[in-house]
Amino acid sequence: MTTPPPRVRVTGPARRPIVSARRGAGEEIDADTSLGELYVGSLLRAQLRLAVAVLLGLTISLGSLPLVFHLAPGLAQTRVQGVPLAFLILGFAVYPFLLAVGGAYVWRAERNEKAFTALLDAGPEDDEPG
């Protein structure tokens, strides 16, 4: 009986971290400089504007439904197969609307973050006209 060949560990080439000569925007944020604060502040303002816009839209759209039923008593008395229309709208139709608004909010928030990441990748040197 022959002995099996010795085991050999196969690895990839040695990797060294690539050191950039220029200071990136990510380092500006890590170093807590005024430029880094400006970058982070821009992201926070964009996310705050988005949150306020969504909250305002939800308040106007869903908050006005009880007012609509109060101002239009005939609409409030309408029944669909014995169930009041107001109950159907406020109890069931609101949830697909909330899911759509939530999905749109997440999509836009991720888009803000991708724009922020692209801004960080571009760095302050790429923003200057040359």
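Select Q47 first, in this predicted model. With a relative accessibility of 17%, Q47 counts as buried, because buried means under 20% relative accessible area. Q47 has its place in helix 2. Leaving out residues up to four places away in sequence, Q47 touches A109, N112 and E113.

Next, select N112, one of those partners of Q47. N112 belongs to helix 4, which covers residues 85-127. Is N112 buried or exposed? Its relative accessibility is 11%, so N112 counts as buried. Apart from neighbours within four places in sequence, the contacts of N112 are L43, A46, Q47 and L50. Each of these four residues is listed among the buried residues of helix 2. Display them together with N112 to view the contacts between the two helices.

Now select the whole of helix 2, residues 34-71. Its 38 residues, at 1.5 Å a residue, should span 56 Å, and the C-alpha atoms at its ends are 53 Å apart, which agrees. Which residues of helix 2 are buried? They are G36, Y39, G41, L43, A46, Q47, L50, L65 and F69. When viewing these positions, recall that an α-helix has 3.6 residues a turn, so residues three or four places apart point the same way.

Move along helix 2 to L65, where there is a kink of about 35 degrees. The proline P66 comes shortly after this kink. L65 is also one of the buried residues of helix 2.

Proceed to Q81, in the loop between strand 1 (79-80) and strand 2 (83-84). What is notable about the phi of Q81? The angle is near 50 degrees, a positive value in a residue that is not glycine. Q81 has a relative accessible area of 82%, so Q81 is exposed.

Return to helix 4 and select L98. L98 has a relative accessible area of 33% and is therefore partly exposed. Add Y95 and F97 to the selection: with L98, they make a nonpolar surface patch of about 280 Å².

Finally, display the entire protein chain. Its secondary structure comprises four helices and two strands, in the order α-α-α-β-β-α from the N terminus. Of its 130 residues, 17% count as buried. The chain exposes about 10,500 Å², and carbon and sulfur atoms supply 65% of that area. Among contacts between residues at least 6 apart in sequence, 70% join residues at least 24 apart; the contact of Q47 with N112, where this tour began, may be displayed once more.

Definitions and conventions
Residues numbered from 1 in each chain as written. Predicted model: local features only at pLDDT ≥ 70, side-chain atom pairs only at ≥ 80, totals over all residues. Heavy atoms only, no water. Buried < 20%, exposed > 50% of the residue type's maximum accessible area, 1.4 Å probe, protein only. Contact = heavy atoms within 4.5 Å. Patch = residues over 30% accessible without salt bridge, like charges linked within 9 Å, V, L, I, M, F, W, Y side chains within 5 Å. Areas by Shrake-Rupley, 256 points an atom, 1.4 Å probe, with all protein chains shown as cover. Salt bridge = Lys/Arg side-chain N within 4 Å of Asp/Glu carboxyl O. Expected span 1.5 Å × (residues − 1). Bend = angle between axes of the 7 residues up to and from the residue.
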